[in-house]
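Here are my notes for you to read next to the structure. Have it open and rotate it as you go.

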Amino acid sequence: MSLKKQPNILVLGAGMVGSAIALDLAETYPVTAADISASALAPLKGRIKTLRCDLSDRTWLKKLAAKYELVIGAVPGHMGFKTARTVIEAGRPLVDISFFPEDAFLLNRLAEARGVTAIVDCGIAPGFSNMIAGYHHQLMCITSFTCYVGGIPKNPEPPFYYKAPFSPIDVIEEYTRPARLMVDSVEVIKEPLTDVETLYFKNIGHLEAFNTDGLRTLLQTVSIPNMKEKTLRYPGHAEKIQLLRKAGFFSQTPVMVNGKKITPFDMTAALLFPLWKLKPGEPEYTLMRIVLHGHENGQQVEYRYALFDTYDEKTGITSMARTTGYTCTAVARLVAEGIYTQPGISPPEYVGARSICFDYILRYLKTKGIRITRKKKVIKEATPPQTSPGSPYTRSASAAIKPLRTGRK
């Protein structure tokens, strides 16, 4: 679908990231932000058009989406899949950051039949991390890919030394969901919060990294034999969460307490959320380090990508909202400008596989003050294995894949 030069854009969801997306796109395009929460929309009033509505009403949402040339999905994860399907049914291109748990490729045939471009998981990680894998997968034979990523407070407080830049519920789910890794071309399941290692970051100091389930579509779309994703936190955090987990504090099975049934998960969430909530204006960081090895032009090489971003005091936008939201808006601009038009469901690695798109996104993030450095190291001269880099992806659009997992940090 080709868009007109100044497409009207609808942003579904005006939370922390959705509002950052709406304001950024409004610098170039007519934008409407829609949300059920009046308090979420309040900071946007007078700056862009706002619409208070129930986005769970699919019949109404389909009519609304049809009025716009491009839709951004920034709703909570549990609403994401149905929302994406409704937008596709309306025949409108979609760029989504809801990180819904369902298999996005279940919508591929519908999107192809409607001629709709639908890009999912379009944040920083998953999101730009996938784009890096997709970009290099087309140019070389990658043998290993590791992503370290996390959002942490500038001033950590005991006992957990952590604040959640996203919903704490999503964080707890990340801590309880089995982590899927690729080891020697075999998918391996590990417990979350395991294989803790210590890394040094120049701007922070030492952080710990542990297994989490953030590879998502990369497990099915690229032929990289070794892949893992690890979440970054201040040292000691994983041990405390493991203690709670092993003691059953995250269990969803109800227990009787003074004659009332409650789930340990609900109780734990009620206790942790006040401790993990970022205060207004509280500074935080987003960090990402990606290390990939492989064969390129007869050499054994290593690429390292690094991102370090901080809370923007001038705009009041958190670093997690900046890095997630502006990656999304960069891709939205690719769609709006007719640069990326592939019909069907596209995970971020499909976008990154196109050099023109990858370079565009890097440049755009740089204009927003988000710098991603890249360093290449030649390990030794080597004869590359007899496998062709990149093309084709290992997964066909119609193939069945396992359910995707939430990937917020």
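What follows is a set of numbered points, going from the whole chain down to single residues.

1. First, a reminder that this is a predicted model. The chain comes with 13 helices and 18 strands. Its C-alpha atoms sit in a box of roughly 60 × 60 × 45 Å along the principal axes.

2. On overall packing, the radius of gyration is 21 Å, which agrees with the value near 22 Å for a compact globule of 409 residues. Some 56% of the 409 residues count as buried. Contacts also reach across the sequence: of those with a separation of 6 or more, 69% are between residues 24 or more positions apart.

3. Now the surface and the charges. The accessible surface is about 17,300 Å², and carbon and sulfur atoms hold 54% of that. I count 52 positive and 37 negative side chains, and the centres of the two sets are 3 Å apart.

4. Have a look at the two cis peptide bonds, since they are easy to miss. One runs from Ala125 to Pro126, with omega near 0°, and Pro126 belongs to the loop between strand S6 (117–119) and helix H6 (128–137). The other joins Pro158 and Pro159, with omega about 5°. Pro159 is in the loop between strand S7 (141–153) and helix H7 (168–176).

5. The loop between S6 and H6 also holds Asp121. Its phi is near 55°, positive in a residue other than glycine. Is Asp121 buried or exposed? Asp121 counts as buried because its relative accessibility is 2%, and the cut-off for buried is under 20%.

6. Set Asp184 beside that. Asp184 is not a glycine either, yet its phi is positive at about 50°. Asp184 is in the loop between strand S8 (179–183) and strand S9 (186–190). Here the relative accessible area is 58%, so Asp184 is exposed. In short, Asp121 is buried, whereas Asp184 is exposed.

7. Back to H6, the helix that follows the loop of Asp121 and Pro126. How many residues of H6 are buried? The count is 10 of its 10 residues, and the helix is mostly covered. Among them are Phe128, Ile132 and Tyr135, together with His136 and His137. Ser129 is on the buried list too, and Ser129 comes up again in the next point, as a contact of Cys147.

8. Cys147 is in strand S7 and is buried, with a relative accessible area of 2%. Which residues does Cys147 touch once neighbours within four places in sequence are left aside? The partners are Ser129, then Lys228, Glu229 and Lys230, and finally Met288, Arg289 and Ile290. For a sense of distance, the C-alpha atoms of Cys147 and Leu10 are separated by 32 Å, with these positions 137 residues apart along the chain.

9. One of those partners, Glu229, deserves its own point. Glu229 is in strand S12 (residues 226–233) and is buried at a relative accessible area of 2%. Where does its side chain find polar partners? There is a polar contact with the side chain of Thr212 at 2.5 Å. The Glu229 side chain also reaches the backbone nitrogen of Gly214 at 3.4 Å.

10. Arg180 is another buried charged side chain to check. Arg180 lies in strand S8, and at 3% relative accessibility it counts as buried. Its side chain makes a polar contact with the side chain of Asp213 at 3.0 Å. Put together with the previous point, the Glu229 side chain meets Thr212 and Gly214, while the Arg180 side chain meets Asp213.

11. Last, a smaller item. Gly115 is in the loop between helix H5 (108–114) and S6. Gly115 counts as partly exposed because its relative accessibility is 24%, and partly exposed covers the range between 20% and 50%. The C-alpha atoms of Gly115 and Arg92, 23 residues apart along the chain, are separated by 8.8 Å.

Conventions. Residues are numbered from 1 along each chain as its sequence is written. This is a predicted model: local features need pLDDT of at least 70, side-chain atom pairs count only at pLDDT 80 or more; totals for chains, interfaces and linings use all residues. Side-chain values use heavy atoms; hydrogens and water are left out. Helices (H or I, at least four residues) and strands (E, at least two) are DSSP runs, numbered from the N terminus. Buried means under 20% relative accessible area, exposed over 50%, partly exposed in between (1.4 Å probe, protein chains only). Contact means heavy atoms within 4.5 Å. The radius of gyration is taken over C-alpha atoms; the globule rule is 2.2 Å times the number of residues to the power 0.38. Accessible areas come from the Shrake-Rupley method with a 1.4 Å probe; for residues, only the protein chains shown count as cover. Lys and Arg count as positive and Asp and Glu as negative; His and the chain ends are not counted. The place of a charge is taken as NZ of Lys, CZ of Arg, CG of Asp or CD of Glu. A polar contact is a pair of N or O atoms within 3.5 Å; within protein, one must be able to donate a hydrogen and the other to accept it, and residues adjacent in sequence count only if both atoms are side-chain atoms.
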